[in-house]
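Visitor: Hey, got a minute to walk me through this one? I'd like to talk about the helix packing and the ligand.

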Amino acid sequence: MSAQTYGRAFALMREAAGEAWGEYTRHAFVEGLRDGALAREAFLHYLRQDYVFLIHFSRAWALAVVKSETHAEMLGAVATVNALVAEEMQLHVGICEAAGIPQEELFATPERAENLAYTRYVLEAGYSGDLLDLLAALAPCVMGYGEIGARLGVEKTSETYADWIGTYAGDGYQGDCAAVGQLLDSALERRLGKDFETSPRFATLCDKFRTATELEVNFWQMGLTP
Ligand SMILES: Cc1ncc(CN)c(N)n1
């Protein structure tokens, strides 16, 4: 999956994130999903934390509805909230239930510090900023997993984590990434103009994107240490 598929701003922000992007999308945890070497205990621990992550991440996308300035922006944010709550979180519920972890226990998972740091960083970007600040902090999460899923869909050498890979490689998730890429581009054009990358504000948005990318790296690392 080329970065270009997810829009112009994403490609520029990804480039500006430098080495952090590769550390995120090619982390040892990701490679363990690809070749099946990831310990089941680490995967289930990650999945439980990620369920809690997605609760707060959905709240942040709901805040994007609040920060929207047009009906089209509201529709884009609402669609993402729905994709998270009604689709992505079901993957976590299903795998955990099959592993003997009921949904109430999943919901009550104690939050690890790396998880808390990431989600509250994103929420704070939205509380104190506008839709652009919020989207810049949200984008690495959405598109990073899109890129990881698309690559692992092609490069996987084991079926152990095929459910997980299939969710992020699938047309549904890939379509969500493309839609968020369009939302990001149009929100930037509306507020900063067609040549948004020449605005001094764009550099501060790239900083937010890079920080969120670094928090993704920490999240994978946390996944390796149940
Ligand atoms: C930590 C994290 N980052 C991204 C995603 C993909 N929505 C996720 N499920 N979890």
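Guide: Sure, one term before we start: two residues are in contact if their C-beta atoms, placed from the backbone, lie within 7 Å. Also keep in mind that this is a predicted model.

Visitor: Fine. Which residues of α4 meet which residues of α7?

Guide: On the α4 side you have Q49, V52, F53, H56, F57, R59, A60, L63, A64 and K67, and on the α7 side N115, T119, V122, L123 and G126. By class, that contact of α4 with α7 splits into 8 nonpolar, 5 polar and 2 charged residues.

Visitor: And at what angle do the axes of α4 and α7 cross?

Guide: Roughly 0 degrees, with the axes coming within 9 Å. Angles under 35 degrees count as roughly parallel, so α4 is roughly parallel to α7.

Visitor: Ok, next pair. How far apart are the axes of α7 and α8?

Guide: They're 7 Å apart, and the packing angle is about 160 degrees. Anything over 145 counts as roughly antiparallel, so that's what α7 is to α8.

Visitor: Which residues make that contact, α7 against α8?

Guide: From α7 it's Y121, V122, A125 and G126, and from α8 it's D133, L134, A137 and L138. That gives 6 nonpolar, 1 polar and 1 charged. The crossing of α7 past α8 is left-handed.

Visitor: What about α8 and α10, parallel or antiparallel?

Guide: Roughly antiparallel. Their axes cross at roughly 150 degrees and come within 9 Å, with α10 covering residues 171-192. α8 passes α10 in a left-handed crossing too.

Visitor: Who's touching whom there?

Guide: α8 brings L131, L132, L135, A139, V142, M143, G146, G149 and A150. α10 answers with Y173, Q174, D176, C177, V180, G181, L184, A187, L188 and R191. The residues of this contact divide into 13 nonpolar, 4 polar and 2 charged.

Visitor: Switching topic: which residues surround the ligand?

Guide: D50, F53, L54, E88, C141, V142, Y145, E216 and F219. Two of those names came up earlier: F53 is also in the α4 contact with α7, and V142 is also in the α8 contact with α10.

Visitor: Which helices each supply at least two residues of that shell?

Guide: α4 (40-67), α8 (131-155) and α11 (200-223).

Visitor: How does the shell break down by class?

Guide: It has 6 nonpolar and 3 charged residues, and no polar ones.

Visitor: Last thing, what domain does UniProt list?

Guide: An unreviewed UniProt entry lists "domain: Thiaminase-2/PQQC" for residues 18-224. In the model that span is 83% helix and 0% strand, and its end C-alpha atoms lie 24 Å apart.

Technical notes. Residues are numbered from 1 along each chain as its sequence is written. This is a predicted model: local features need pLDDT of at least 70, side-chain atom pairs count only at pLDDT 80 or more; totals for chains, interfaces and linings use all residues. A residue is near a molecule or strand if its C-beta atom, placed from the backbone, lies within 6 Å of it. Helices (H or I, at least four residues) and strands (E, at least two) are DSSP runs, numbered from the N terminus. Ala, Val, Leu, Ile, Met, Phe, Trp, Tyr, Cys and Pro count as nonpolar, Asp, Glu, Lys and Arg as charged, and the others, Gly among them, as polar. UniProt positions are given in the numbering used here, feature names are shortened, and annotations may be inferred rather than shown by experiment. Axes are lines fitted to C-alpha atoms, for helices over the stretch in contact, and angles run from 0 to 180 degrees between N-to-C directions. Angles under 35 degrees count as roughly parallel, over 145 as roughly antiparallel, 65 to 115 as roughly perpendicular and the rest as oblique. A crossing is left-handed if the near helix is turned anticlockwise from the far one by less than a right angle, and right-handed if clockwise.
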